Amino acid sequence: MANYRDPKLKVFTCNSNPQLAKEIADHIGLPLGNSEVVRFSDGEVQIKLNESVRGADVFVIQSTSAPVNQNLMELLIMIDALKRASAKSINCVIPYYGYARQDRKARARDPITAKLVANLLETAGAHRIITMDLHATQIQGFFDIPVDHLLGVPILAKYFEEKELEDIVVVSPDHGGVTRARKLAERLQAPIAIIDKRRPEPNVAEIMNIVGNIEGKTAILIDDIIDTAGTITLAANALVESGAKGVYACCTHPVLSGPAIERIAKSKIQELVVTNTIALAPEKVLPNVKMLSVAPIIGEAIIRVHEELSVSKLFD
């Protein structure tokens, strides 16, 4: 680990993913900032900063994953503590941005909660957001502060390149993910296929048909989020039934809630490749789950923001 010698760069973490925060700090060559998240008996959160942040560029690592409201509140209080302690800039590194699926009014009287969360972060005092693979990219426009949007596809593509699979087809599990599938397909120099599905209600997917040639090919399903795993496992089973010789699945954010693990264990998925934007409990790490680290790309992004260099160069 190299030592990053600028005392004006500090990295802190809350409780959602301390292991990832440590990996990021190690990549940069810094110790994690000395802070504590304390809970009163009634559940109220208190943040204790045990070192000076005056005049520093501070980066706070916190995914707003489950328990989402608790993790969001920790982040908001951490921002307030840093603001009152005279940090020069407060940069929220949110590898997984919770509430991103509530990004528009799908029905009358729906809230747009992704925008509400953006307002809360700004009001608390955040100066910048660094996040990965937003479920809806337009969420960047919900903020009036800079948003650096990092991509998971290069990390996933590198892993599959090194596996040297043959006869690959990249499959989008729905029409909304075609752009993502195309980006992975371009890096792997493979064709794409699309699963045309109808969703009768939230978290319930019904496979309709497969657009594209998957016969005798190794299919790689890609999504940004795997939540209850209904879509991805139905898709995997449909691909095998339609003649695919093997199915891999990958995503940036392994939410894996409810029946997800049981569904994946029973499915035709040979290997599920995910990143560590969300900390997984040990019981969720099946033998066929491969976890890749986003620490190097986030660490590089932090250095580039601090040194006022281009972040987009990371994806050239």
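**Gln 62 and a helix pair**

Visitor: What does the side chain of Gln 62 make a polar contact with?
Guide: The partner is the side chain of Glu 74, at 3.2 Å. A polar contact is a pair of N or O atoms within 3.5 Å; within protein, one must be able to donate a hydrogen and the other to accept it, and residues adjacent in sequence count only if both atoms are side-chain atoms. This is a predicted model: local features need pLDDT of at least 70 and side-chain atom pairs 80 or more, whereas totals for chains, interfaces and linings use all residues. Residues are numbered from 1 along each chain as its sequence is written, and side-chain values use heavy atoms, without hydrogens or water.

Visitor: Is Gln 62 buried or exposed?
Guide: Gln 62 is buried (under 20% relative accessible area, 1.4 Å probe, protein chains only), because its relative accessible area is 0%.

Visitor: Which backbone nitrogen lies 3.4 Å from a polar atom of that side chain?
Guide: That of Asn 15 lies 3.4 Å from a polar atom of the Gln 62 side chain.

Visitor: Turning to the helices, how do α4 and α5 pack?
Guide: Helix α4 (residues 153-163) and helix α5 (residues 178-188) pack at about 40°, with axes 9 Å apart. Helices are DSSP runs (H or I, at least four residues) numbered from the N terminus; axes are lines fitted to C-alpha atoms over the stretch in contact, with angles from 0 to 180 degrees between N-to-C directions.

Visitor: Which residues of α4 make the contact?
Guide: Val 153, Pro 154, Ala 157, Phe 160 and Glu 161 do, meeting Arg 180, Lys 183, Leu 184, Arg 187 and Leu 188 of α5; contact means heavy atoms within 4.5 Å.

Methods:
Buried < 20%, exposed > 50% of the residue type's maximum accessible area, 1.4 Å probe, protein only. Helix = DSSP H or I, 4+ residues; strand = E, 2+ residues; numbered from the N terminus.
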